[in-house]
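Visitor: Could you walk me through this model, with the cut-offs spelled out as we go?

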Amino acid sequence: EHLRWSLTPGVGPILFRRLVEHFGSAQAALGASANALKNVEGIGDTLAPQIARGRETAPVAAEVELAARHNVRILCQEDEDYPAPLRHIPDPPICLYVRGRLEPADTVAVAIVGSRRCTTYGREQAYRFGYQLAAQGMTVISGLARGVDSESHKGAIAAGGRTIAVLGNGLADIYPPEHRELADRICECGAVVSELPMATSPNKANFLPRNRIIAGLSLGVMVVEAARRSGSLTTARLATEYNREVFALPGRVDSEFSSGTNALIRDGHARLVTCAQDVLDELGDVGEALGKVKAESDAPLSEAAAPARVLTLTNDERRVWQVLEPAEQSIEAIAEKSGLPAAQVAARLITLQLKGLARQLPGNRFVKVRS
């Protein structure tokens with residue numbers, strides 16, 4: 001019943017909740033006539049027949065088949081595996097599409113969000129916090145977007161922790177397309193999720209609603225870098241509405257990329273954090289239960305673990321890793337030094353980033369993570 005309502009045009013999470021409250025259950029609402037539907041708040045005479053028709057023609061069987069083809073589970077709010085924190089926001093997804101695996105421990109989660117167009121500082125800090133929080137048993141939630149999001153996922157993976165990506169499109173495809181391999185890795189140690197029907201294309205209108213799921217899944221939301229009009233600030237505002245903690249990483253006062261985060265701190269809307277311990281301390285009892293983080297150095301924790309991960313490299317990954325330098329290089333330069341085709345080098349650089357052995361800089365240039 002939930003899936004049919006989810007596929008009915010004009011019915012979103014809030015209207016679905018009103019239907020259930022009015023008729024007693026999703027199933028009872030399916031049996032309601034157009035005349036009965038119009039009495040539900042927000043429907044009325046015009047929308048009622050449209051909803052009745054859409055309800056009957058919703059492509060439920062085709063949707064189930066498409067989901068199965070992509071190894072996607074469809075959870076409704078009554079399913080045991082439906083994330084408990086989401087049930088308690090004002091507009092929980094009618095259905096949640098899941099590729100990968102959700103676990104009960106994922107309720108202990110922190111979201112890391114920020115600009116797609118971010119600085120090197122933003123990338124490094126997103127990776128650092130993703131690594132440190134995942135290493136302490138927190139699930140890292142983000143949106144798989146370019147920039148801050150993808151770096152936080154990579155940090156969590158490198159730490160051997162759990163991470164969940166919330167998409168603003170259907171799970172029949174991955175957006176942005178260059179993150180398909182990253183999405184596959186996330187599914188091995190977490191999940192990629194969406195509330196949108198499988199074939200829904202990326203659309204700007206879907207990204208703000210997606211942010212409420214990121215906030216809803218988390219105990220707190222950390223903003224790494226955000227300009228004043230960044231969508232990440234919407235996620236922070238939603239977190240406040242949902243009684244979640246909001247954290248912000250301070251940035252340069254003359255950088256537009258940090259103007260939003262610095263304003264959050266200045267106006268008292270977010271707690272200033274500089275390391276994972278700050279986040280755990282603010283989370284109180286949860287932080288105590290997870291234990292204190294290990295002593296930190298100025299270098300990212302991922303670097304200390306680099307030698308062990310080098311042993312797991314394939315021959316081609318090792319060839320690429322050996323010619324990487326602390327100084328940034330283009331893919332073409334790395335290809336020339338390694339003797340491998342540029343396309344193969346690009347693919348190996350992705351896996352090296354996921355293993356915490358390489359880092360991508362703006363302009364599609366790469367550096368070696370110190371070992």
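Here are some questions and answers about this protein.

Guide: Happy to! This is a predicted model, in which local features need pLDDT of at least 70 and side-chain atom pairs count only at pLDDT 80 or more, while totals for chains, interfaces and linings use all residues. Residues are numbered from 1 along each chain as its sequence is written, and side-chain values use heavy atoms, with hydrogens and water left out.

Visitor: What share of the 371 residues counts as buried?

Guide: Buried means under 20% relative accessible area, exposed over 50%, and partly exposed in between, with a 1.4 Å probe and protein chains only. Among the 371 residues of the protein, the buried share is 54%.

Visitor: Why is the pair of Tyr175 and Phe207 called stacked, tilted or edge-to-face?

Guide: Rings of Phe, Tyr and Trp (its six-membered ring) pair if their centres lie within 6.5 Å; planes under 30 degrees apart count as stacked, over 60 as edge-to-face and the rest as tilted. The structure holds 1 aromatic pair. Its ring centres, in Tyr175 and Phe207, are 6.5 Å apart and the planes stand at 50 degrees, so the pair is tilted.

Visitor: How many residues apart in sequence are the parts that this pair ties together?

Guide: Helices (H or I, at least four residues) and strands (E, at least two) are DSSP runs, numbered from the N terminus. Tyr175 belongs to the loop between strand 5 (163–166) and helix 10 (180–188), and Phe207 to helix 11 (residues 204–216), so the separation in sequence is 32 residues.

Visitor: Which residue has its charged end over the ring of Phe207?

Guide: A charge sits over a ring if NZ of Lys or CZ of Arg is within 6 Å of the ring centre and within 35 degrees of the ring normal. Phe207 itself counts as buried, at 17% relative accessibility. The charged end over its ring, 5.3 Å from the centre, belongs to Arg116.

Visitor: Which helices do the buried residues of helix 2 pack against?

Guide: In helix 2 (residues 13–23), the residues Leu15, Phe16 and Leu19 are buried. They are on the same side of helix 2, because their arc around the axis (taken from the directions from the helix axis to the C-beta atoms) is only 105 degrees. With contact meaning heavy atoms within 4.5 Å, the buried residues of helix 2 pack against helix 1 (2–6), helix 3 (26–30), helix 4 (34–37) and helix 5 (44–57).
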